[in-house]
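Open the model in your viewer and keep the sequence panel beside it, since this tour moves from one selection to the next. At each stop, make the selection first and then read on.

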Amino acid sequence: MKPVSVLFICLGNICRSPTAEAVFTKLVDEAGFGEAIRIDSAGTAGFHVGARPDDRARETARSRGIAMDHLRARQFIPEDAEAFDYLLTMDRSNYEQVMAQCPPAMQERVHMFLDFAPEVAETEVPDPYYGGPEGFENVFDMVEAASRGLLDDIRSRHGLG
Ligand code: 4NP
């Protein structure tokens, strides 16, 4: 069966969306769906293409037992809208950017990632780039909550397990 595909999207693809990629990948693997769900991330901007995730994101991930050193930034391309079933944006600005590049027939694939975490009060994962390490911890907590909700959604909509 064709895997369900998920693309996490932020601005630079070095802080929030690679964190989401790494956290969701671990959750999916632990649930035994590693073959059934394909996961990637991208940034709407190209400033950091080819770069590893930010040192602070990698440190936060390491402290929580999650691997993300192998990830490299890439830029979102309009073809991603055809290639992925779920396009999950971290904030409203990313959402607008992706919607503007997405053919109308594919726009229903685009969601704010935190829509999958109704228990989180915020609607956007805040950009931690210009702040301190606590911002990265906060991103991680939000991403973990939304990842659980996303996996539940995929399991029920796509009949997995
Ligand atoms: P991200 O964070 O979108 O979560 O990867 C940022 C990374 C880099 C920049 C802004 C946000 N920047 O301006 O370079």
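Begin by selecting Asp80, which is found in helix α3, the stretch of residues 80–83; keep in mind throughout that the model is a predicted one. Is Asp80 buried or exposed? Its relative accessible area is 5%, and because buried means under 20% relative accessible area, Asp80 counts as buried. If you now show what surrounds Asp80, leaving aside its neighbours within four places in sequence, you will find it in contact with Leu7, Arg74, Gln75 and Leu87.

Next, select helix α4, residues 92–101, and colour Asn94, Tyr95, Val98 and Met99, which are the buried residues there. Turn the view until you look down the axis of α4: its buried residues fall within an arc of 130°, so they line one face of the helix. The reasoning behind such a pattern is that an α-helix has 3.6 residues a turn, so residues three or four places apart point the same way. Add β1 (4–10), α1 (16–30), β3 (86–89) and β4 (110–112) to the view, as these are the elements against which the buried residues of α4 pack. Before leaving, look at the N-terminal end of α4, which is capped by Asp91, with a side-chain oxygen 3.1 Å from the backbone nitrogen of Ser93.

Now turn to the largest nonpolar core, which has 40 residues, and select Val6, Phe8, Phe24, Ile37, Phe113, Leu150 and Ile154, the ones that touch the most other members. Which element gives the largest share of this core? It is α5, with ten residues. Centre the view on Phe24, whose contacts beyond four places in sequence include Val6, Ile39, Ser147 and Leu151. Apart from this core lies another one, of 14 residues, and among them are Leu7, Ile9, Tyr95 and Met112.

Finally, select the ligand and display the residues that surround it, including Cys10, Gly12, Asn13, Cys15, Phe47, His48, Tyr129 and Tyr130. Three polar contacts can be followed one after another: an oxygen atom of the ligand is 3.0 Å from a polar backbone atom of Ile14, a polar side-chain atom of Arg16 lies 2.7 Å from a ligand oxygen, and a polar side-chain atom of Asp127 lies 3.4 Å from an oxygen atom of the ligand. Taken alone the ligand exposes 360 Å², and the protein buries 93% of that area.

Definitions and conventions
Residues numbered from 1 in each chain as written. Predicted model: local features only at pLDDT ≥ 70, side-chain atom pairs only at ≥ 80, totals over all residues. Heavy atoms only, no water. Buried < 20%, exposed > 50% of the residue type's maximum accessible area, 1.4 Å probe, protein only. Helix = DSSP H or I, 4+ residues; strand = E, 2+ residues; numbered from the N terminus. Arc of directions from axis to C-beta. Contact = heavy atoms within 4.5 Å. Polar contact = N/O pair within 3.5 Å; in protein donor to acceptor, adjacent residues only side chain to side chain. Near = heavy atom within 4 Å. Areas by Shrake-Rupley, 256 points an atom, 1.4 Å probe, with all protein chains shown as cover. Core = buried A, V, L, I, M, F, W, Y, C linked by side-chain atoms within 4.5 Å.
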